[in-house]
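Let's take a walk through this model, looking at its pockets and then at its salt bridges. Have the structure open and follow along.

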Amino acid sequence: MFIESYAVTDLYVSLYAMSSDLRRARRAGAIATEIEALVAAIGVPLETHALRVLLADRGRPTTAEHLARVAAGERTEYLRTRLPPRLAVAVTPDGAPLVPRWWADGDWRLQRRILTEDALPLWRGKLVERICSELIGRRRHAAPELVTLVRATMARLGLDDEMLRLPDTQDWQDVRAVLLDNLPGVIFAHDVATPQQHEAEAALLAADLPAAALYFGR
């Protein structure tokens, strides 16, 4: 009788563990879908912090653990199927993954995922441009975290003085105009590669690295 009781208990524990694993896998899959949509909408790789702010703004607060599970799942799925992953990472010119992680579309050409000195301001600028464009069409106020992200990114671009001159730093049309006046190339950042990215891509492809290294870093 006691043996049967223990067996039933073990069965319940096993089923609960399986159920928990399934829920985690489903959640990771749902988050991956959200990330994929965000990356496609922005058009350039997204740093983890910015990604979490954008996910939270869309009603999907996400922990670092959730994102780590998504990243591991994408790699595992690629190694299982050898098909291009939905999500890849941005890499340095020598192919190392960026830390913190920058998220990218797995279908993008490698050069679009290489963080070079001439690409960084375009990636940051594109993030601000897309956020401002979205906020211009909104009827509700931007969340404080989203406002902070825009301001911090503009400061990283060296545009904090221009921001201070604006009558209203939450007039998103004016913020976007300041950005494009100073970085007009941001408009095409999602569609072109820089000279340094072209050069870095050629070097990485010549190194004959395994495909997994090109998607997830070496």
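What volume does the second largest pocket have? This is a predicted model, and in it that pocket comes out at about 180 Å³. Its lining is made up of 13 residues, and E47, L127, L149, T153 and R156 are the ones nearest the centre. Four elements, β1 (46-47), α2 (48-57), α4 (120-136) and α5 (144-156), each give two or more residues to this lining. Helix α5 has the largest share, with four residues. Sorted by class, the lining of the second largest pocket has eight nonpolar, two polar and three charged residues.

Now for the largest pocket, which holds about 210 Å³ of space. Here 14 residues form the lining, with A71, V89, P97, R101 and F216 closest to the centre. Both α3 (64-81) and β2 (87-89) supply at least two lining residues, and α3 gives the most, four. The class split for the largest pocket is 10 nonpolar, one polar and three charged.

On to the salt bridges, of which the structure holds 14. Start with two residues we met at the second largest pocket, E47 and R156. Their side chains meet in a salt bridge, 3.5 Å from N to O. Since R156 sits in helix α5 and E47 in strand β1, this pair ties together parts that are 109 residues apart in sequence. The two ends sit in rather unlike surroundings: R156 counts as exposed at 51% relative accessibility, whereas E47 is buried at 19%.

Another pair to find is R86 with E74, whose side chains also form a salt bridge at 3.5 Å, N to O. R86 is in the loop between α3 and β2 and E74 is in helix α3, so this bridge links parts 12 residues apart in sequence. R86 is partly exposed, with 31% relative accessibility, while E74 is buried at 9%.

Then have a look inside helix α4, where K126 and E129 both lie, three residues or about one turn of the helix apart. These two form a salt bridge as well, with their closest N and O atoms 3.3 Å apart. Which is it for K126, buried or exposed? At 1% relative accessibility, K126 is buried, because the cut-off for that is under 20%. E129 is buried too, at 3%. To finish, pick out D57, R58, E134 and R138: salt bridges with shared partners join these four residues into one network.

Notes. Residues are numbered from 1 along each chain as its sequence is written. This is a predicted model: local features need pLDDT of at least 70, side-chain atom pairs count only at pLDDT 80 or more; totals for chains, interfaces and linings use all residues. Side-chain values use heavy atoms; hydrogens and water are left out. On a 1 Å grid over the protein atoms alone, a cavity is a set of points where a 1.4 Å probe fits but cannot get out, and a pocket is an open set with protein on both sides within 12 Å along at least five of seven lines; lining residues have an atom within 4 Å of a point. Grid points are joined across faces, edges and corners, and a volume is the space filled by probe spheres set on the points. Ala, Val, Leu, Ile, Met, Phe, Trp, Tyr, Cys and Pro count as nonpolar, Asp, Glu, Lys and Arg as charged, and the others, Gly among them, as polar. Buried means under 20% relative accessible area, exposed over 50%, partly exposed in between (1.4 Å probe, protein chains only).
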